[in-house]
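Subject: Handover of a structure and notes on its features

Dear colleague,

Please find below the structure that I am handing over to you. My notes follow it, and I would be grateful if you read them with the structure open.

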Amino acid sequence: MQILSIPSPSVGVWYLGPLPVRAYALAIITGIIFAYIWSDKRYRAKGGPEDTLADVAIWGVICGILGARLYHVFTTPQPYFGAQGDIWKALRIWEGGLGIWGGVAGGALGIFIALHQRGLRFAPAADAIAPTLLIGQAIGRFGNYFNQELYGRPTNLPWGLEIAPEKISGGYPPGTLFHPTFLYEALWCLLGAFLLVRLEKRFHLNSGMLAAAYGMYYTLGRLWIEMLRIDQAEIVGGLRLNVWTSVVIFLGALSLFLFLRTLRRQNPQINDIYLPNAQPTADAR
């Protein structure tokens, strides 16, 4: 008989009159706010123009959410394009389904464009954001907790996660406990934020190297967490697509880190805030 376990929330939506307030959305928004506040402070400490990140972050958030949703829809197509799928469900972001890889790629693209228009380099901003992104991800994962989704395989460990019978997939009987992968990832991200800041100070990681270190660290954790998950996913070569994605991104981040380290040795000015010969806009001065 299992004595200890983690109960899941019985409610994930509250109503202010006719207006639904969803825990999933609150978790995502809270994570974004915390990440922005800290990243803005870090960017200004690196010499970034005051208030620039506030404008740039808007582009990052919009492009990030769009990219995250597109990644999820196209890597988990069955609920939307399958025989019993509903393509209109792709618009229901509040039901869950944001792929972190699409979010990071989309957000990075939006931030890169916004910074370039202001005559600012991308690398210092990426380094400023890297550890704060992990904090945002850690908070955002609690949205999955409230939605009772993305849990792992059955377990008898004391921290097994309770799931409502109607939310259990895979034919497991009611009362089955599952690995709380949302919690594993949240803790991994919090630890990573601490480690990145320490490594940044100890080894003077800049010029985009801290952002590359983020990619390596997060994918290492995501790799083993992904192996635990049992939610519906595309299978390629016997493994979940996100497992392969983690491997590819880790190798890419490692290659980028080594390249940037060599580049910085050859050109110490690479970490300047402004682009060469840039004429900063009034907002960036």
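Helices here are DSSP runs of H or I with at least four residues, strands are DSSP runs of E with at least two, and both are numbered from the N terminus. By that convention, Ala108 is in helix H4, residues 100–117.

Two remarks on the basis of these notes come next. The model is predicted, so local features need pLDDT of at least 70 and side-chain atom pairs count only at pLDDT 80 or more, while totals for chains, interfaces and linings use all residues. Residues are numbered from 1 along each chain as its sequence is written, and side-chain values use heavy atoms, with hydrogens and water left out.

Overall form

The protein has nine helices and six strands. Its radius of gyration, taken over C-alpha atoms, is 20 Å, close to the 19 Å that the globule rule (2.2 Å times the number of residues to the power 0.38) gives for 285 residues, so the protein is as compact as a globular protein of that length. The C-alpha trace spans about 65 × 45 × 40 Å along its principal axes.

The accessible surface, from the Shrake-Rupley method with a 1.4 Å probe and, for residues, with only the protein chains shown counting as cover, comes to about 15200 Å². Carbon and sulfur atoms account for 67% of that surface. Residues are called buried under 20% relative accessible area, exposed over 50% and partly exposed in between (1.4 Å probe, protein chains only). Of the 285 residues, 46% count as buried. A contact means heavy atoms within 4.5 Å. Among contacts between residues at least 6 apart in sequence, 73% join residues at least 24 apart.

The second largest pocket

A 1 Å grid was laid over the protein atoms alone; a pocket is an open set of points with protein on both sides within 12 Å along at least five of seven lines, whereas a cavity is a set of points where a 1.4 Å probe fits but cannot get out. Lining residues have an atom within 4 Å of a point. Grid points are joined across faces, edges and corners, and a volume is the space filled by probe spheres set on the points.

The second largest pocket has a volume of about 190 Å³. Ten residues line this pocket, and the closest to its centre are Arg42, Ala45, Lys46, Glu200 and Lys201. Helix H1 (23–45) and helix H7 (181–203) each supply at least two residues of the lining. The largest share, three residues, comes from H7. The lining divides into three nonpolar, three polar and four charged residues. In this count Ala, Val, Leu, Ile, Met, Phe, Trp, Tyr, Cys and Pro are nonpolar, Asp, Glu, Lys and Arg are charged, and the others, Gly among them, are polar.

Residues in helices

Helix H7 also holds Gly192, which is buried with a relative accessible area of 0%. Leaving aside neighbours within four places in sequence, Gly192 is in contact with Leu134 and Tyr217. Gly175 is 17 residues from Gly192 along the chain, and their C-alpha atoms are separated by 33 Å.

Met227 is in helix H8, residues 209–228, and counts as partly exposed at 44% relative accessibility. Its C-alpha atom is 9.1 Å from that of Arg153, although the two are 74 residues apart along the chain. Outside its neighbours within four places in sequence, Met227 is in contact with Arg153, Leu239 and Val243.

Ser255 lies in helix H9, residues 241–266, and is partly exposed at 48%. Ser255 and Ala212 are 43 residues apart in sequence and 8.7 Å apart from C-alpha to C-alpha. Ala108, introduced above, is partly exposed at 27%; its C-alpha atom is 17 Å from that of Phe257, which is 149 residues away along the chain.

Residues with positive phi

Asp51 is not a glycine, yet has a positive phi of about 70°. Asp51 lies in the loop between H1 and helix H2 (52–75) and counts as exposed at 52% relative accessibility. Gln148, likewise a residue other than glycine, has a positive phi near 55°. Gln148 is found in the loop between helix H6 (142–147) and strand E3 (161–162) and is buried, with a relative accessible area of 10%.

With kind regards
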